[in-house]
Structures are given as C-alpha cells and as structure tokens.
Amino acid sequence: AALIWAAVAGAQGLPASGVLLDSYASIVNGKVVTVGDVLAAMPAAHERLAAQYSGRELGEKLLEKFNDVRDALVESELVLLDFEMQGGALPDRAIEDHVNTVIHDQFQNDRTAFLKALADQRLTYAEWHKQMKDQLVVQIMRQREVSSKILVTPLDLQTAYAARQADYALPERVRLRTLAFAGAAAEARPRAAEAREKIRAGERAFAADADATLQDDGEFLDVATLQETLRAAVAALAPGDVSEPLEIDGAIYLVQLVERQPARVRPLDEVAPELEKKLRAAEFERLNQAWIDALRAKYHVQFFDHDLFE
C-alpha cells in the first residue's frame with residue numbers, strides 16, 4: 001500500500017512534500033527503484049546534515065544525498081541485471097560464507113544483536129539475505145570487470161612521479177630547543193649571554209633553571225615558517241650550536257639547533273607505494289565509470305525528479 005511521504009518526514013524531522021514512498025525514483029530495464037527504496041538506503045542522513053546546514057541549503061544537501069544514493073542503487077541494479085543476463089549463478093556455499101562473514105565482522109557473531117538490528121531496520125531475515133546475495137554479486141562483478149583489469153606498470157609510476165615531483169618536495173626543517181630568560185630585555189640579555197658562554201664551555205647544561213624556561217617539544221619545524229630573527233639565527237648554526245641571545249617580541253632567548261633536515265625531494269622508491277595506491281584508485285574510478293556507462297547504454301535507465309526537501 002502507498003504510504004505518504006509525510007509519514008516518513010515526521011519520523012525523520014523532514015518537511016512533508018506529499019510525495020508517495022512508492023513513487024518512481026528510477027526504472028532500470030523495467031525494475032522500479034522507488035522513493036522509499038532510496039530513503040531506506042540513507043538512514044539518519046537528515047540528522048547528520050542538519051548538524052552542518054539549515055534552511056534551503058539543508059534541503060539542497062539532502063536532495064544531493066538522495067540523488068547520490070539513487071544513482072548507487074541504479075548502478076547496483078544494472079550490475080545485477082547484467083549478471084542475470086549473462087546467466088550468472090552463485091553457489092549456495094559462497095552466499096552463506098558471505099552472510100556469515102558479514103555477521104561475524106559487524107556483530108561479532110552475536111545473533112541477538114544481529115536480529116535486533118534487523119528488527120530496528122524492519123527487515124526480515126529473507127530480505128536481508130537477499131541484500132547480502134546482491135551485494136556479493138556486485139562485488140564479484142566489480143572485481144571481474146574493474147579491479148582485475150587495473151594495471152600499474154613501473155613506467156606508469158616513473159611517469160606519474162616525474163609529473164608530480166613538486167608534490168614530493170620537502171622543505172628544510174629543524175628541531176630546536178629554546179631557553180626563555182625572565183625579565184625585561186635589557187636585564188635578561190647579559191644573563192643570557194653569560195649562560196651561553198657557560199654552555200659552550202661545558203660549565204652548564206642547556207636546561208631550565210630559576211632564571212630560564214626550557215622548551216623542547218621534539219617537533220621538526222619548517223624553516224620558512226620561523227620568525228625572521230629566529231630564522232636568520234638558525235641559518236648560522238650547526239647541530240649542537242647555541243645562538244647569541246635573541247630578542248623576539250620583547251623577550252630574550254637562547255636557541256640550540258638540535259637537528260637539521262635539508263630540503264629535498266622524496267625519491268621514487270620512497271613514495272612508490274603511496275603513488276601506486278593513488279594511481280590504482282584513479283584507474284579504478286576510470287574503469288568503473290566506463291563499465292557503468294556501458295551498462296547504462298546497454299539497458300534502459302530512466303530517472304524521475306521529485307521536490308522532496310523543499
């Protein structure tokens with residue numbers, strides 16, 4: 001029986017538009033995807049988006065989400081249709097293994113929690129089992145038609161690396177320790193100079209005392225982001241050296257260079273794993289889109305627009 005959209009709207013806090021839940025969202029070769037099907041596949045979307053948007057913008061974001069989910073359902077229907085048209089069949093054992101894996105991974109084999117989740121979603125076990133079977137079909141088809149065709153060669157990596165070398169440039173970085181001396185600059189400067197001489201002579205450690213506060217967070221800093229006076233002082237230091245007393249924003253400091261990392265470009269062998277991952281992801285998107293486009297051209301697909309979130 002047709003349920004009015006207002007019923008779901010009230011439950012989700014969405015404005016009613018009078019659209020029926022069994023109104024067509026799309027048709028895939030005669031298989032109808034209803035507005036209700038799409039809404040059921042986007043639970044809690046309103047709550048998530050309402051936390052970020054309101055008014056007209058919220059309505060636009062909800063409609064965008066609705067269309068994305070509708071398109072994903074259409075893609076799944078196309079894949080399932082093509083599997084059927086090719087005479088595809090799955091062994092019962094493969095389906096049951098997939099079902100058991102899902103229950104294990106999502107519910108830690110807790111059948112009570114699993115059945116409660118089905119009840120919360122108002123799904124029968126048979127309906128959920130059908131969803132899992134369809135999910136497995138889509139996974140297998142996508143593996144066969146997309147993932148198995150992805151090939152990234154060493155030449156692909158070299159070419160992509162040459163084109164993206166700027167992305168792998170690392171700036172000069174330093175790790176510093178600082179001593180901040182208490183009091184006005186005129187009074188603190190001679191105390192800092194005396195402390196520096198003792199540090200260089202090995203008569204005191206580069207450490208906090210009653211007159212100075214030590215800061216050493218262990219982080220590397222981009223030299224280009226350092227304050228100008230500090231940057232100039234650090235440029236003249238070798239690791240372990242201590243600067244002359246520096247006045248920065250009215251305070252007096254001694255700075256010790258702990259370590260310097262020169263600017264460099266990360267080599268290919270260092271970035272190859274992450275670069276290959278990016279290339280594979282891009283190739284997956286390209287091949288998947290080409291596959292879905294071919295299925296849309298092969299079968300009849302029709303979309304219907306509704307003003308659901310006015």
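Buried here means under 20% relative accessible area. By that cut-off, and in what is a predicted model, helix α11 has a good run of buried residues: Val271, Ala272, Leu275, Leu279, Glu283, Leu287, Asn288, Trp291, Ile292 and Leu295. The spacing of many such positions fits a general rule. An α-helix has 3.6 residues a turn, so residues three or four places apart point the same way. As for what sits on the other side, the buried residues of α11 pack against α4, α7 and α8.

The helix itself is worth a look from end to end. α11 is built from 31 residues and spans 42 Å between its first and last C-alpha, close to the 45 Å expected at 1.5 Å a residue. It is not straight all the way, though: a kink of about 35° is centred on glutamate 274.

Much of this ties in with the largest nonpolar core, which holds 38 residues. Within that core, the residues touching the most other members are Val79, Trp128, Leu275, Trp291 and Leu295. At least two core residues come from each of α4 (55–85), α5, α6, α7 (125–145), α8 (154–163) and α11 (268–298). The top contributor is α11, with 7 residues. Leucine 295 gives a feel for the packing: setting aside neighbours within four places in sequence, leucine 295 is in contact with Leu78, Val79 and Asp82. Apart from this core lies another one, made of 16 residues, including Val19, Leu39, Met42 and Leu58.

Turning to the strands, an open sheet is formed by 3 of them, in the order β2-β1-β10, with antiparallel pairing. β2 and β10 (301–303) are the edge strands, each with a single partner, so one side of each has no neighbour in the sheet. From one strand to the next, the twist averages 15°. Helix α4 lies across β1, β2 and β10, and runs at about 25° to β1.

The β1 and β2 pair can be followed residue by residue. These two strands run antiparallel and are joined by 4 bridges. Tyrosine 24 has threonine 34 in β2 as its bridge partner, while isoleucine 27 stands opposite valine 32, again in β2. The hairpin has 2 residues between the strands, and asparagine 29 takes a positive phi there, near 50°. Asparagine 29 sits in the loop between β1 (24–28) and β2 (31–34). With a relative accessible area of 39%, asparagine 29 is partly exposed.

A second asparagine also has a positive phi. For asparagine 109, phi is near 65°, a positive value in a residue other than glycine. Asparagine 109 is found in a loop between two helices, α5 (92–107) and α6 (111–120). Its relative accessibility is 45%, so asparagine 109 counts as partly exposed.

Finally, a look away from the helical core. Arginine 175 belongs to strand β4 (residues 173–181). Not counting residues up to four places away in sequence, arginine 175 touches Asp216, Gly218, Glu219, Phe220, Gln256, Leu257, Val258 and Glu259. Between arginine 175 and tryptophan 291 there are 51 Å in space, C-alpha to C-alpha, and the two are 116 residues apart in sequence.

Technical notes:
Residues are numbered from 1 along each chain as its sequence is written. This is a predicted model: local features need pLDDT of at least 70, side-chain atom pairs count only at pLDDT 80 or more; totals for chains, interfaces and linings use all residues. Side-chain values use heavy atoms; hydrogens and water are left out. Buried means under 20% relative accessible area, exposed over 50%, partly exposed in between (1.4 Å probe, protein chains only). Contact means heavy atoms within 4.5 Å. Two strands pair if DSSP finds at least two bridges between them. A nonpolar core is a set of buried Ala, Val, Leu, Ile, Met, Phe, Trp, Tyr and Cys residues joined through side-chain atoms within 4.5 Å. The expected span of a helix is 1.5 Å times one less than its number of residues. The bend at a residue is the angle between axes fitted to the seven residues ending there and the seven starting there. Axes are lines fitted to C-alpha atoms, for helices over the stretch in contact, and angles run from 0 to 180 degrees between N-to-C directions.
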